[in-house]
Amino acid sequence: MSRATRFAGRDPGPAARVAGFIAHLRDNGLRLGAGEAALSLCALAALEAVRPDDCRRALRAVCTGCKDEAARFDALFDSYWLDAGRVKQKVVPSARAAGAEGVHSSRDGTGQDLGAAGAATAPDAGEGEADSDGTGKLIATEQRNLARRDLRDLVRPEEIAEAEAIARRLGAALRDCRSRRRIAARRGAGLDFRRTIRQSLATGGEPLRLKRKRRPDRARKIVALCDVSGSMSVYSKVFLAFLAGLMRADAATDAYLFHTRLVRITEALRDRDAMRAVGRMSLMADGFGGGSNIGPSLQRFAETYARRFVDGRSVVLILSDGYDTSPPEILGAALARLRKRGCRIVWLNPLKGWRDYAPVAEGMAAALPHLDHFAAANTLADLAALERELGAL
Amino acid sequence: MSWTDLQTSLRSEGYVASDDLAVALQLALSLGRPLLLEGAAGVGKTEVARTLAAARDTRLIRLQCYEGLDAAQALYEWNYQRQLLTIRAAAEGGETGKTVEARIFSREFLLERPLLAAITQEVPPVLLIDEIDRADEEFEAFLLELLAEYQVTIPELGTIHATSRPIVILTSNGTRDLSDALRRRCLYTYVEYPDRATELAILKARCRDVEDRLAAQVVGFVQKLREEDLEKVPGVAEMLDFAAALMGLGIADLTADPAVLQATLTTLLKTQSDQAQITPEVAARIAGRAA
């Protein structure tokens, strides 16, 4: 029992504590509002929850909405309700400006408990693979932190707007006509019975005018993987703006960064504030500018995320120079596996833009047989020029 | 009814629900909110709805989602053939257009699809919306509207109000991200693969005449198999098939005959590369460790 948090004496009661808990979750990146606070109270009342574990289960069912949140919930619950007896001074957080979403705030950028596993500021996550040459672990971690670059310095808002325009055009070029749903149309393969019958009433049940329906064009889904390793740092600016633009142009887009490991940045990029999105992204790109493990990163992608998010309607965009520190066979195998999901794979290599470039990097050579399209891209203009080629895929 | 009672009644129907799941189900019942279940294929998400319906002695109405699912298949459709015949018959009988129209756009000519059926029952049924992630986003939005209003407007017929609020269970395999709006409206539980003890209880509940030794071996084997690097991890349903296959072949000990073990693995391994990966030697090693 000693573990339960002791609340301050002037604390106004259970409802305020639950509201405080919701605020605590919100501060930790869960998107919750007053509705959830009310529902939480109803849930606790309906369940007559008296044991901490029952409360935990009830609040988890109400407050979480996806696997990641459910996994993080236990720690957040413990830190608020089971704070080893420490006194919680303030239950109700001071009123903050409403609509904080629209306000550019640096809070999210520095909070160590942000959604993204927070490893950027946590001293040692335990995996101990700090890639600099420090002798002590802590020192090594610090060095890595100092070397971490803030992507906000690299990307300007205008560039995101420009990239967004380009991304929107690219998305429009990637159309696919394989929808199974049919909509009413002047010409089309199938008859629209509902409308035909309705019109036939006017002619005494004789279906004189046949209404038709057809399959509408459907957008392809873009899945972008961006290499942010050291060798790519010159081009990262363009590509990150492009990613942010892609996300803003089409909410179905999925985006990842990789260097020595793979990070999903889709959630971060959905932030309505473009600059804050980039800020959150830079927190996630911990180790940005380090070495690159393209093969293992793509392999991990093929084995995990791709199984959920990549299907026959996806186009996988890989933005990388192909300089891989791991054996090229891994890269080849990963791409072959990805290909089996029925997607198109497009590799955009900034180096290809150079004169006399030949894909001699072993990784690139191993990747080539699995690609649907291999193109140059080092500026936004290059990306814009891809429109026609991607449309032909 | 508390959540432990619910858990017990589910168990008597042969479903072993984890504490988390039982609490979430109880909340869904008492708060009248839809429950979204996520988890890998074969962890028993669909089964939970089936069992809940059985335990509460009510109807299960299932809507299987797929890409391109539209309102005509999910909500209602007019019976066109009957309408056509009626119009022709009416024309010969000399009925006026107005009365014909009133007749052919009545409830009699309406084909109820799952969603409409679910809200027009006398007793609240369990509505299972299976694999919602396979349907399009437009459908998701449409579903949200229905779940918020519990009424359906049919242009020719007017608005149909719900006579009962169904208990809604949605399942998702995570093939795409669901919208925040949908997640916000629903209670949420992530269903994990069951641990050893739970899975053993499931097997005992489903196959009452399985011997203790074989049951322990089967569950141990499948649990170890899930740790291997497989493309398609075997779920609970596969485990039950595996046990049934072994019992059907009259096998009492998993380690007795490697050839038979390998043959029955077809119930667990569903891709060619998985089958190639679990060679007889690997299978024997896993069976040996699991025993």
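The following paragraphs describe the predicted model of a complex that includes chains A and B, from the confidence of the prediction to the contact between the chains, the nonpolar cores, two buried strands and two loop residues.

Residues are numbered from 1 along each chain as its sequence is written, and chains are lettered from A and ligands numbered from 1 in the order in which they are written. Since the model is predicted, local features need a pLDDT of at least 70 and side-chain atom pairs count only at pLDDT 80 or more, whereas totals for chains, interfaces and linings use all residues. For the complex, the predictor gives an ipTM of 0.79 and a pTM of 0.66. In chain B the average pLDDT (the predictor's confidence in each residue, from 0 to 100) is 87, and 98% of the residues score at least 70.

Chain A contains 18 helices and 13 strands, these elements being DSSP runs numbered from the N terminus (H or I of at least four residues for helices, E of at least two for strands). Of the 393 residues in chain A, 36% are buried; a residue is termed buried if 20 or more other C-beta atoms lie within 10 Å of its own, exposed if 12 or fewer do, and partly exposed in between, with C-beta atoms placed from the backbone. Two residues are taken to be in contact if their C-beta atoms, placed from the backbone, lie within 7 Å, and among the contacts in chain A between residues at least 6 apart in sequence, 74% join residues at least 24 apart.

The contact between the two chains draws 33 residues from chain B and 27 residues from chain A. On the side of chain B that touches chain A, at least two residues each come from helix 2 (19-31), helix 5 (80-93), helix 6 (97-104), helix 9 (180-185) and strand 9 (187-191), and helix 2 of chain B gives the most, with eight residues. This side of chain B comprises 13 nonpolar, eight polar and twelve charged residues, where Ala, Val, Leu, Ile, Met, Phe, Trp, Tyr, Cys and Pro count as nonpolar, Asp, Glu, Lys and Arg as charged, and the others, Gly among them, as polar.

A nonpolar core is here a set of buried Ala, Val, Leu, Ile, Met, Phe, Trp, Tyr and Cys residues joined through C-beta atoms within 7 Å. The largest such core has 92 residues, and those with the most contacts inside it are A:Ala58, B:Ala24, B:Leu27, B:Leu35, B:Ile169, B:Leu187 and B:Val218; helix 2 of chain B gives the most to this core, with seven residues. When neighbours within four places in sequence are left aside, B:Leu187 is in contact with residues of both chains, including A:Ala61, A:Val62, B:Ala24, B:Leu27 and B:Leu35. A second, separate core of 62 residues includes A:Val238, A:Ile294, A:Ala302 and A:Val315.

In chain B, five of the five residues of strand 1 (residues 35-39) are buried, so this strand is largely enclosed by the rest of the structure. Its two faces are both covered, with B:Leu35, B:Leu37 and B:Gly39 on one side and B:Leu36 and B:Glu38 on the other. Strand pairing requires that DSSP finds at least two bridges between two strands. Strand 1 of chain B runs parallel to strand 8 (residues 167-172) of chain B, to which four bridges join it, and B:Leu35 has B:Ile169 as its bridge partner there. Five bridges join strand 1 of chain B to strand 9 of chain B, also in the parallel sense, with B:Tyr190 as the partner of B:Glu38.

In chain A, six of the six residues of strand 11 (residues 314-319) are buried. A:Ser314, A:Val316 and A:Ile318 point one way from this strand, and A:Val315, A:Leu317 and A:Leu319 the other way. Strand 11 of chain A pairs in the parallel sense with strand 8 (residues 221-227) of chain A over six bridges, and five bridges join strand 11 to the parallel strand 12 (residues 344-349) of chain A. A:Val315 is the bridge partner of A:Ile222 and, towards strand 12 of chain A, of A:Arg344.

Most residues other than glycine have a negative phi. B:Asp57, however, has a positive phi of about 55°; this residue lies in the loop between helix 3 (45-55) and strand 2 (60-64) of chain B and counts as exposed, with 7 C-beta neighbours inside 10 Å. B:Tyr150 likewise has a positive phi, near 50°, and lies in the loop between helix 8 (137-149) and strand 6 (151-154) of chain B, where it is partly exposed, with 15 other C-beta atoms within 10 Å.
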